[in-house]
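Here are some worked exercises to try with the model open beside you. Attempt each task before you read its solution.

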Amino acid sequence: MRRFLTLWKREVASYFVSPVAYILATLFLVVMGMGFWFLASVRLRTGATFYELLRGLYGGVAWLAVLMVIPVLSMRSFAEENRSGTLEMLLTAPVRDIEVVFSKFLGIFTVYVMMWLPTLGFYPLLQRVSEQPLPIDFGALAAAYVGVFLVGGFYLSIGIFCSSLTRNLIVASMATFAVVTLLFLGGFLPAVSPVPQLREFTQPLSPVLHMMDYARGVIDTRSVVLYLSSTLLMLMITTRILESRRWRA
């Protein structure tokens, strides 16, 4: 456990010794802030409910932010180590491959969560500037954050997997963006597919529909199990890739 915590702290610290995390967090908050401002303005004019505000933010704007930050956050996890030559040193250190992979994932996920935390201030701010205070459903709000953390964790695990396959940061980022974008666009198949069987098959797998449910305050245990198991699967595959490199090293 001590080695795992050391690796986790090293991973988190590595993001804050360079301007990448600060620039990315700023862009992320700008996108989320502008989206929230637009939706709040619409709400004030039309009298939309809190649930409609959440669906617009976490069922729409949040996807833009997630697709923007996930590839950049995860691209350097192994590609940077491989490019700089420190991966060989890590492979010969007295740590297990599974500790390396999971500590990197937890480190990146920690940074991802930290980016989302300032968005909690949007809602008290809306209460202060609104002439008609909007009742906040904290259960629905908590469910929305559960959704962005589950989906984000799964997408980060894909990014770590892509990063383990190359030493080029751009290639890792583009591969991650391509995969997560395909998964996102595939989430619309239940609504647009002309084949009934395909709509029925893809509906339980749609991240778009899952996020809409979370934004309504509905946490389906099936989607929770899906994302947790998929994240674990991707991390285990990455561990196997790292093990194969250890033998080659």
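**Exercise 1: charges over rings**

Over the face of which ring does K104 lie, and at what distance from the ring centre?

Solution. Start with the ground rules: this is a predicted model, in which local features need pLDDT of at least 70 and side-chain atom pairs count only at pLDDT 80 or more, while totals for chains, interfaces and linings use all residues. Residues are numbered from 1 along each chain as its sequence is written, and side-chain values use heavy atoms, with hydrogens and water left out.

Next, apply the criterion: a charge sits over a ring if NZ of Lys or CZ of Arg is within 6 Å of the ring centre and within 35 degrees of the ring normal. The ring is that of F78, and K104 lies over its face at 5.4 Å from the centre. Now try R76: its charged end is placed over the ring of Y15, 4.8 Å from the centre.

**Exercise 2: aromatic pairs**

Classify the ring pair of F16 and Y22, then look for a cluster of rings.

Solution. A pair of aromatic rings is described by the distance of the centres and the angle of the planes. Rings of Phe, Tyr and Trp (its six-membered ring) pair if their centres lie within 6.5 Å; planes under 30 degrees apart are stacked, over 60 edge-to-face, and the rest tilted. The structure holds 18 aromatic pairs. For F16 and Y22 the centres are 5.7 Å apart and the planes stand at 75 degrees, so this pair is edge-to-face.

Then check accessibility (buried is under 20% relative accessible area, exposed over 50%, partly exposed in between, with a 1.4 Å probe and protein chains only). F16 is partly exposed at 30%, and Y22 is partly exposed at 46%. Finally, the cluster: ring pairs link F28, Y58, F105, F109, Y112, W116, Y145 and F149.

**Exercise 3: a helix crossing**

Describe how helices α3 and α12 pass each other, and which residues make the contact.

Solution. Helices here are DSSP runs (H or I, at least four residues), numbered from the N terminus. The axes, lines fitted to C-alpha atoms over the stretch in contact, are compared by angles from 0 to 180 degrees between N-to-C directions. Those of α3 (residues 50-74) and α12 (residues 207-215) come within 8 Å and cross at roughly 145 degrees. On the α3 side, L54, R55, Y58, G59 and W63 make the contact (heavy atoms within 4.5 Å); on the α12 side, the residues are P207, V208, M211, M212 and A215. By class, the contact residues comprise eight nonpolar, one polar and one charged, where Ala, Val, Leu, Ile, Met, Phe, Trp, Tyr, Cys and Pro are nonpolar, Asp, Glu, Lys and Arg charged, and the others, Gly among them, polar.

**Exercise 4: three residues in helices**

Are F184, P71 and T238 buried or exposed, and what do they touch?

Solution. Take F184 in helix α9 (residues 169-186). F184 is buried at 15% relative accessibility. Beyond four places in sequence, F184 touches W63, L67, Y155, P207 and V208. F184 and V208 are 24 residues apart in sequence, with C-alpha atoms 6.8 Å apart.

Move on to P71 in α3. P71 is buried at 2% and, leaving aside neighbours within four places, contacts V66, S173, T176 and F177.

End with T238 in helix α13 (residues 221-248). T238 is buried at 1%; not counting residues up to four places away, T238 touches F78, V101, I160, F161 and S164.

Key
Helix = DSSP H or I, 4+ residues; strand = E, 2+ residues; numbered from the N terminus.
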